[in-house]
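Q: Please take a close look at one part of this model: the contact between the two chains and the strands that belong to it. I would like one connected account.

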2 protein chains.
Amino acid sequence: MKDRIRLSDGGGGLDSRELVDQIASVLSNPVLSGLEDSAILDGVEGRVAFTTDGFVVKPTFFPGGDIGKLAVCGTLNDLVVMGARPKALSLSLIIEEGFAKKDLMRIVTSIKETAGDTPVVTGDTKVVEHGSADGIFVITAGVGVQLKGANPSASRLTEGDKLIVTGSVGRHGASIMANREELGFSSDLLSDVAYQGDMILPLFESLGADVKVCRDVTRGGMSAILSEFAHSSDVGIEVMEADIPVDPDVKGLCDALGLDPLTLACEGRSLIGVCPGRLDEALEILTGNPLGSGTCQIGEVVADHARMVHLRTIIGGARILEPPAGELLPRIC
Amino acid sequence: MKDRIRLSDGGGGLDSRELVDQIASVLSNPVLSGLEDSAILDGVEGRVAFTTDGFVVKPTFFPGGDIGKLAVCGTLNDLVVMGARPKALSLSLIIEEGFAKKDLMRIVTSIKETAGDTPVVTGDTKVVEHGSADGIFVITAGVGVQLKGANPSASRLTEGDKLIVTGSVGRHGASIMANREELGFSSDLLSDVAYQGDMILPLFESLGADVKVCRDVTRGGMSAILSEFAHSSDVGIEVMEADIPVDPDVKGLCDALGLDPLTLACEGRSLIGVCPGRLDEALEILTGNPLGSGTCQIGEVVADHARMVHLRTIIGGARILEPPAGELLPRIC
């Protein structure tokens, strides 16, 4: 039975050579040979950005994406939110014995498609016994080169800076939760997972260091990121609840499942802080990209309540937005 | 109970922030902040080497090392065998709920110690439910800069090139197998896992492109690598069995377990091909390092039998050394 992954496919012998060749033929590019121990990259010069992320999302395939697409977007987005143009990806797979080979190849194909111009230049494949992993884990690392002038950091916010989100929040997390078999729920809510480079890099090209901070919205959602911004920059943040876009279908699902959309990941969105004088320009650039059509300001950096995020509620009150605590949603990414 | 890893330690909220802070404080270095999405590296210029490896070794701790030491050595060695000086590492952890926190911190400490001067600059931590992984998986990626002149490749061997191994083979694989609980075996055979940069990089500095190929001996062992050399370079290889060093304790264990030491990983060893005129110089450099004190020639590239490796046996015969096939040893690294 060669339609399922066997332990020998990861053992280092002929079978694993064959599997690696099949994966490499899908990922095909001039740098990837699969035969050398490191890829050699030309043209990587300047301030080099380097990042990694492991992906364990459950289910492996979900409406709007799969673990491969998520792994590529997650790592490429971690480069672009630092103002870095992606140059190369690495791909490490940990596969459970018995995993369907067609599902593996579907994931690899999705990786190739999502990575677009960024080549997967080096990789590794391990197979563990049935029961020692849950299907497949995908770990990517990325190398990029930071654009001249770009210098975003969670610690660079100062009073008056404007906070922007690039669209409605919470969709990826809500989609994953709605598709967990154990919930017996049925939903066709699509994840928003997307590569954000074509939207974010032009912003850095135009605004340079006036992009104070940029962060794709992953685990912990907007709440976690805003709290981190306030702490790292030692500033107060004020956010208007009415200004935070949440789509009705996401809101409905969150209400049904008892989830807060502000704590949910949305891998197609970024939270950005810009100098006040560059707000209009930033909004114009971001809304000019289809992915950012829903971009809007949601708040600003204020002089008061350093290290705290205040949420002005729709009914006129205010509450402190705490970073999420306790058992969050496991395996959302 | 905070002595075991909980799902919330990977959820993106306060608990995971705390765990990441604890890991980061052990790995501490100026580039790693843990708070930005990518690390920014200065001083990476030239031909950049990039590699990744996932580690699933079982048991997690073994005589002579642990999964953390193995993960760092594996990735750093993949850089140095390409003639690249390591610049930075990434670290991705996938941890099973319930894993002992002290074991995690012991692994992180081992990573820090093994990495030495190479900083771990970026990382990621995921926690999966009990039963969805087996303890811990460690995935590293590495960035380095290739030394001027270095240009090793499995496809560069030509007739007359000499083949060298940097010491006795098979020890890591034998050690891991001897320590599998299910075998009911007891052995204090130490793994040979080691960082090889201090031994290998001086060789590239002196011989440059006359180091035709260099490969650390991982999954599949010497048999897999020699076979790959012969295929990639389209040459014949002749190896003298009597010249291949195998320590008596490794040989004894292999005999007892029915293993072939030539198919076993030994992460502290490399297999190297050099131009014939540089053999003596190579031996001198390699034996001058404590890790390479057992370096010796084991064979050479010949004009006949292209793509085949012939092993001249001790009793005077010859057999074809095939790459290992079928179910090899799972989770040796």
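A: What follows goes from the contact as a whole to the strand pairings around it. The model is a predicted one.

Chain A and chain B each bring residues to the contact: 69 residues from chain A and 69 residues from chain B. On the side of chain A that touches chain B, the elements giving two or more residues include the helices α1 (14-27), α2 (67-80) and α6 (221-233) of chain A. The strands β1 (39-41), β2 (48-55), β5 (84-96), β6 (120-128) and β7 (136-146) of chain A also give two or more residues each. Sorted by class, this side of chain A holds 33 nonpolar, 19 polar and 17 charged residues.

One strand pairing runs from chain to chain. β1(A) is joined by 3 bridges to strand β2 (residues 48-55) of chain B, and the two strands run antiparallel. Within this pairing, A:Ala39 is placed opposite B:Phe50 of β2(B).

Other pairings lie within chain A and involve β7(A). β2(A) and β7(A) are antiparallel and share 8 bridges. β5(A) is also antiparallel to β7(A), with 11 bridges between them. Both pairings can be followed at A:Gly144 in β7(A): A:Ala49 stands opposite this glycine, and A:Pro86 stands opposite A:Gly144 as well. β7(A), which has β2(A) and β5(A) as partners, is mostly covered, with 10 of its 11 residues buried.

In general, side chains along a regular strand point alternately to one face of the sheet and to the other.

Note on methods:
Residues numbered from 1 in each chain as written. Chains lettered and ligands numbered in written order. Predicted model: local features only at pLDDT ≥ 70, side-chain atom pairs only at ≥ 80, totals over all residues. Contact = placed C-beta atoms within 7 Å. Helix = DSSP H or I, 4+ residues; strand = E, 2+ residues; numbered from the N terminus. Nonpolar A, V, L, I, M, F, W, Y, C, P; charged D, E, K, R; others polar. Pairing = 2+ DSSP bridges. Buried ≥ 20, exposed ≤ 12 C-beta atoms within 10 Å, placed from the backbone.
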